[in-house]
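Grab a coffee and work through a few exercises on the structure below. Each one sets a task and then walks through a solution.

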Amino acid sequence: MTTAGVRATARIGARADGRGGTALPVLEGEGPLALRRTRASGDEARVMLVGAMSGPLGGDRFAVEAEVGEGARLHVGSAAATIALPGQAKGEARYDVRLDVSGGGELRWLPEQLISAQGSDLYVSSRVELRSGARLVFREEQVLGRVGEQPGRLTSRLTVRLDGRPLLDQELSCGPGAPGGWDGPAGLGGHRALGQLVVVRPEFESEPPQARLLGEYAALMPLAGPAALVSALAPDALRLRRVLDEALRTLDR
Amino acid sequence: MSRAALLVLADGRFPAGGHAHSGGAEAAVKAGRINGAASLEDFCRGRLNTAGLVSAALAAAAALGVDPALLDSAADARTPSPALRVAARRLGRQLMRAARATWPSGELDALARAFPKGAHQPVVLGLVARAAGLGPEDAAYCSAYESVSGPATATVRLLSLDPFDATGVLARLAPELDVVARAAADAARNVVDAGVDALPSASAPLLEIGAQAHAAWAVRLFAS
Amino acid sequence: MHLDHTHDGASAVSADARRPDGSRRALRIGLGGPVGSGKTATVAALCRALRDELSLAVVTNDIYTREDAEFLLREAVLPPERITAVETGACPHTAIRDDISANLEAVEDLEDEVGPLDLILVESGGDNLTATFSKGLVDAQIFVIDVAGGDDIPRKGGPGVTTADLLVVNKTDLAPYVGSDLARMAADAKAQRAELPVVFQSLRTEAGVTAVAEWVRERLAAWTA
């Protein structure tokens, strides 16, 4: 039995096509990370990340890179939730997401949930590099354990930079072996679904969105820059999505 | 270097405004998440390993002489709650006032000029440690300890918790505090070569969400 | 070494008489005393008596944050930007005596934002008889007690009654109803305070806060002399 784990990188490059639409000169899937272009909506290109195999498993290293050029608009979704599973390979799995958006470009990164299955060990790193004038909607949702199961070990770091300056840097560690108190009254308080929605817009510089609570376990928070974060906890994925969808609707209005 | 300076700086009675802040305990008490010594301990442990680790690393990096303006924007990025950013800057300004009177230093004066409304408290704390002749690990210890002593003291007032129980919580957390302070100092040393991305960014969702809820209350005992 | 003794642009430390720009800062007068003795009512009356002749502002230190500030706002004794509430973590005496940093920040911010100011009144939340203001925060302090709280308070003494620059015995109109002996209170206060002044007042009478306002004017004259 091989124990090396799978390495796979998917790449997306989006450019303004000069006719009011967005072209995808780069659209490369690999191994378990397949990409499909779906029907465009207006001037926005749409890409679906299709998991051809389940994963990542222990020892796997997956990466997805997307780059959005000036004036291009890209929407990325996924066909199904990603499930982190225990593998035969030793050690943690890694999932690296690297997103670059130029000034005047827009990325809407709205994949389905990441589910941390019992016994899995995954480190997710999401790095978003924005140039001034870039627009971003970035959602990540984590579900700790499948129904009735204990979660695996999951660490997720999200970094958003604007012109090289840090706008948001948050790491969340949960599951067995995570630093103590992660599920306690300062951390998750027993919730099994958590999500973050980051929205960056140049116009927030002069008109930042108002901070507000979205129920007892979610808040919309203007960041120190033209951006807002919605941080939410919920008992399950469905109720989490409802909160984030509602928040996105009010921010999109 | 005087090790005793660390005792002066870490003393809960050091007049730097901390007594009016609960470190999120008031929100957690009202929500029922802290209702006694056991849940206080779990709260403090979670805070120590997230906000405590981050602030300890910021303090250690500032004590090492890393550019405080860079550290301050790194602190902003690690504090999504605007209520917590306001509290951190207010506490930074108050610490600055107390420290300039206690350990006069050109570096503190320069930081006060650059941030007249206050830099993030851990950044100020690191520079204060420097002014007091202390090192990065001392600064990390001080910051990590504050991250749990504040909520513990506040909970004594909020729940009329037995003060011996609250002190017992702090004593039980001491070994973990050692680990956090050392990890923070190690991360800070990496900042010197690798930049502020080497700082930890551990986050605690209920601290951020709870701080936003707390800031919206019309009536509260603590400022944060 | 202190490289920067002029405090240019940055917060001054403690009770320097000068602001960072070299101008004289406002006179700061603290008002303390037990719960319900009429501190906030006295502050409101002082604001009404002095606001036309002086530029003034108020800092409150509530137990439950903002209650006293909101009373003053409702009464519209000053424009809202001249009233700041300091949060005290359930301990106003800590905020006015042991750790005055939040209060110093509040008075400096008021001078920066609505200044120049002649006078800032710093009101403590109702506390016990030992609560006094730090000399690092205020230049003079008024301790407010009332006849309904028991006519033996002056005899019992305590730092507030004994050392305050002015002792105000409030609600004298209630004395007949609560059986308080004003003459005895005056004699006890004299015994405790020697030459320090005592004012008996009722805000319901025509004289109201006049005597206290006059004392404040005298302090201000001395401050600006």
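Before starting, keep in mind that this is a predicted model.

**Exercise 1. How far apart are the mean positions of the positive and negative charges of chain B? Then describe the fold and packing of that chain.**

Solution.
- Step 1: Start with the charges. Chain B carries 21 positive and 20 negative ones, and their mean positions lie 8 Å apart.
- Step 2: Go through the secondary structure. Chain B has ten helices and zero strands, so reading from the N terminus you get α-α-α-α-α-α-α-α-α-α.
- Step 3: Check the compactness. The globule rule gives 17 Å for 224 residues and chain B has a radius of gyration of 16 Å, so chain B is as compact as a globular protein of that length.
- Step 4: Look at the box. Along the principal axes, the C-alpha atoms of chain B take up roughly 45 × 35 × 35 Å.
- Step 5: Ask what is covered. Of the 224 residues in chain B, 63% are buried. The chain exposes about 7,600 Å², with 58% of that coming from carbon and sulfur atoms.
- Step 6: Finish with contact range. Taking contacts in chain B with a separation of 6 or more, 81% are between residues 24 or more positions apart.

**Exercise 2. Run the same kind of check on chain C: how many helices and strands are there, and what is the radius of gyration?**

Solution.
- Step 1: Count the elements. Chain C has nine helices and seven strands.
- Step 2: Compare with the globule rule. A compact globule of 225 residues would come out near 17 Å, and chain C has 17 Å, so the two agree.
- Step 3: Get the dimensions. The C-alpha trace of chain C spans about 60 × 40 × 35 Å along its principal axes.
- Step 4: Look at burial and surface. In chain C, 56% of the 225 residues count as buried, while about 9,300 Å² is exposed, 53% of it supplied by carbon and sulfur atoms.
- Step 5: Check the contact range. Among contacts in chain C between residues at least 6 apart in sequence, 76% join residues at least 24 apart.
- Step 6: Add the charges. Chain C has 22 positive and 36 negative charges, with mean positions 5 Å apart.

**Exercise 3. Which pair of chains has the most contacts?**

Solution.
- Step 1: Two pairs of chains touch, and the pair with the most contacts is A and B.
- Step 2: Now try chains A and C. No contact joins them, and their closest C-alpha atoms are 20 Å apart.

**Exercise 4. Where does UniProt place the "binding site" feature, and is V35(C) buried or exposed?**

Solution.
- Step 1: Find the annotation. An unreviewed UniProt entry puts the "binding site" at G33(C), P34(C), V35(C), G36(C), S37(C), G38(C), K39(C) and T40(C).
- Step 2: Locate two of these residues. V35(C) sits in the loop between β1 (27-32) and α1 (39-50) of chain C, and G38(C) lies in the loop between β1 and α1 as well.
- Step 3: Apply the cut-offs. V35(C) has a relative accessible area of 64%, so V35(C) is exposed, because exposed means over 50%. G38(C) is at 14% and therefore counts as buried, since buried means under 20%.
- Step 4: List the contacts beyond four places in sequence. V35(C) is in contact with G126(C) and D127(C), whereas G38(C) touches V144(C), N170(C) and K171(C).

**Exercise 5. Which peptide bond into P116(C) is cis, and what is the phi of K171(C) and of A194(C)?**

Solution.
- Step 1: Recall the usual picture. Most residues other than glycine have a negative phi, and most peptide bonds are trans.
- Step 2: Take the peptide bond. From G115(C) to P116(C) the bond is cis, with omega near 0°, and P116(C) lies in the loop between α4 (101-114) and β4 (119-124) of chain C.
- Step 3: Take K171(C), also a contact of G38(C). The phi of K171(C) is positive, about 65°, although K171(C) is not a glycine. K171(C) lies in the loop between β6 (166-170) and α7 (175-178) of chain C and is partly exposed at 24%.
- Step 4: Take A194(C). Its phi is near 50°, again positive in a residue other than glycine. A194(C) is in the loop between α8 (182-193) and β7 (198-200) of chain C, and counts as partly exposed at 45% relative accessibility.

Conventions:
Residues numbered from 1 in each chain as written. Chains lettered and ligands numbered in written order. Predicted model: local features only at pLDDT ≥ 70, side-chain atom pairs only at ≥ 80, totals over all residues. Heavy atoms only, no water. UniProt positions renumbered as here; feature names shortened; annotations may be inferred. Helix = DSSP H or I, 4+ residues; strand = E, 2+ residues; numbered from the N terminus. Buried < 20%, exposed > 50% of the residue type's maximum accessible area, 1.4 Å probe, protein only. Contact = heavy atoms within 4.5 Å. Rg over C-alpha atoms; globule rule 2.2 N^0.38 Å. Areas by Shrake-Rupley, 256 points an atom, 1.4 Å probe, with all protein chains shown as cover. Lys, Arg positive; Asp, Glu negative; His and termini not counted. Charge placed at Lys NZ, Arg CZ, Asp CG, Glu CD.
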